[in-house]
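Let's take a walk through this one together, strand by strand, and then stop at the metal. Have the structure open and turn it as you read.

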Amino acid sequence: MLPYNIHHVAIAVHDLDETLATLKDQYTVEPMSRETVSEQGVEEAMIALGGSHLQILQPTDPDTPVGRFLARHGEGMHHVAFAVVDIEEALAHLAAHGATLIDETPRIGGGGHRIAFVHPRSMGGTLVELVEVHDG
Ligand code: CO
């Protein structure tokens, strides 16, 4: 299930507007999209960088996965997302190789992509997201 790219690196923050202003000021980058994904309880912005993206996440409520992450860890890197061609094949491969899947089947994430999360205990304490991408 070799991932062919890092689709995005996600950073959890308290204040999305403030972080986007900082990124614009310090790194001269701006989001290409911004949306609320209510199923995940986040407002997210995507910044294109080369062939990959930086994703900035702000929880819509403290009682959400990202809200609880912020309460426990403070702001910081939340997950790394790998681009895969066939997400069902990737999930089957991971399960067969001992990974703990948070999502046994794909769901719809930001940008309408099919996504699935893999538990941090499976890979260096890092939450992994799979993103099915067909156009590279
Ligand atoms: Co993500």
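Start in the sheet, where E5 and E8 run parallel and are joined by 5 bridges. One place to see this pairing is Ala 81, whose bridge partner in E8 is Glu 129. Keep Glu 129 in mind, as this residue comes back at the cobalt ion. Bear in mind, too, that what you're looking at is a predicted model.

Now zoom out to the whole sheet. It is open, has 8 strands with mixed pairing, and reads E2-E3-E4-E1-E5-E8-E7-E6 in order. Strand E2 (33-37) and strand E6 (107-108) are the edge strands; each has a single partner strand, so one side of each has no neighbour in the sheet. As a general reminder, strands of a sheet pair through backbone hydrogen bonds, in either a parallel or an antiparallel way.

For the antiparallel case, go to E2 and strand E3 (residues 42-49), which pair over 5 bridges. Here Glu 35 stands opposite Glu 44 in E3. The two strands make a hairpin with 4 residues between them, and in the turn you'll find Gly 41 with a positive phi of about 65°. Another positive phi, about 55°, belongs to Thr 28, which is not a glycine. Look for Thr 28 in the loop between helix H1 (16-27) and E2. With a relative accessibility of 66%, Thr 28 counts as exposed.

Back to the middle of things: what holds the cobalt ion? Its protein donors are His 8 (NE2), Gln 55 (OE1), His 79 (NE2) and Glu 129 (OE), at 2.0 to 2.4 Å from the ion. Along the chain these donors are spaced as H-x46-Q-x23-H-x49-E. Two of them, Gln 55 in strand E4 (residues 52-59) and His 79 in strand E5 (residues 76-84), sit 24 residues apart and link distant parts of the chain. And the geometry? The angles subtended by the 4 donor atoms run from 84 to 172°, which is why the arrangement is irregular.

Let's look at His 79 and its surroundings. It lies in strand E5 and has a relative accessible area of just 2%, so it counts as buried. The His 79 side chain makes a polar contact of 2.8 Å with the side chain of Glu 129 and another, of 3.1 Å, with that of Gln 55. So two of the residues that share the metal with His 79 also have polar contacts to its side chain. Leaving out residues up to four places away in sequence, His 79 also touches a set of others, including His 8, Val 9, Leu 57, Phe 117 and Leu 127.

Gln 55 tells a similar story from strand E4. At 3% relative accessibility, this residue counts as buried. Besides the contact with His 79, its side chain has a polar contact of 3.3 Å with the side chain of Glu 44. That's the Glu 44 you met opposite Glu 35 in the hairpin. Beyond its sequence neighbours up to four places away, Gln 55 touches His 8, Ile 11, Ala 45 and Met 46, among others.

Next, the nonpolar packing. In soluble globular proteins, nonpolar side chains tend to be buried together. Here the largest nonpolar core has 12 residues, among them Val 80, Ile 87, Leu 91, Ala 116, Val 128 and Leu 130. E5, helix H3 (87-96), strand E7 (114-118) and strand E8 (128-132) each give two or more residues to this core, with H3 giving the most, at 4. Ala 116 is a handy spot to look around from: among its contacts outside the four nearest places in sequence are Ile 87, Leu 91, Val 128 and Leu 130, plus the metal donor Glu 129. A second, separate core has 9 residues, including Leu 16, Ile 47, Leu 54 and Ile 56.

To finish, swing out to Glu 104, in the loop between H3 and E6. Is Glu 104 buried or exposed? Its relative accessibility is 63%, so it counts as exposed. Between Glu 104 and Pro 59 there are 24 Å from C-alpha to C-alpha, and in sequence these two are 45 residues apart.

Conventions
Residues numbered from 1 in each chain as written. Predicted model: local features only at pLDDT ≥ 70, side-chain atom pairs only at ≥ 80, totals over all residues. Heavy atoms only, no water. Donors = N, O, S within 2.8 Å, 3.2 Å for Na, K, Ca; no water. Tetrahedral: all angles 85-135°; square planar, octahedral: opposite > 155°, others 65-115°. Buried < 20%, exposed > 50% of the residue type's maximum accessible area, 1.4 Å probe, protein only. Polar contact = N/O pair within 3.5 Å; in protein donor to acceptor, adjacent residues only side chain to side chain. Contact = heavy atoms within 4.5 Å. Core = buried A, V, L, I, M, F, W, Y, C linked by side-chain atoms within 4.5 Å. Pairing = 2+ DSSP bridges.
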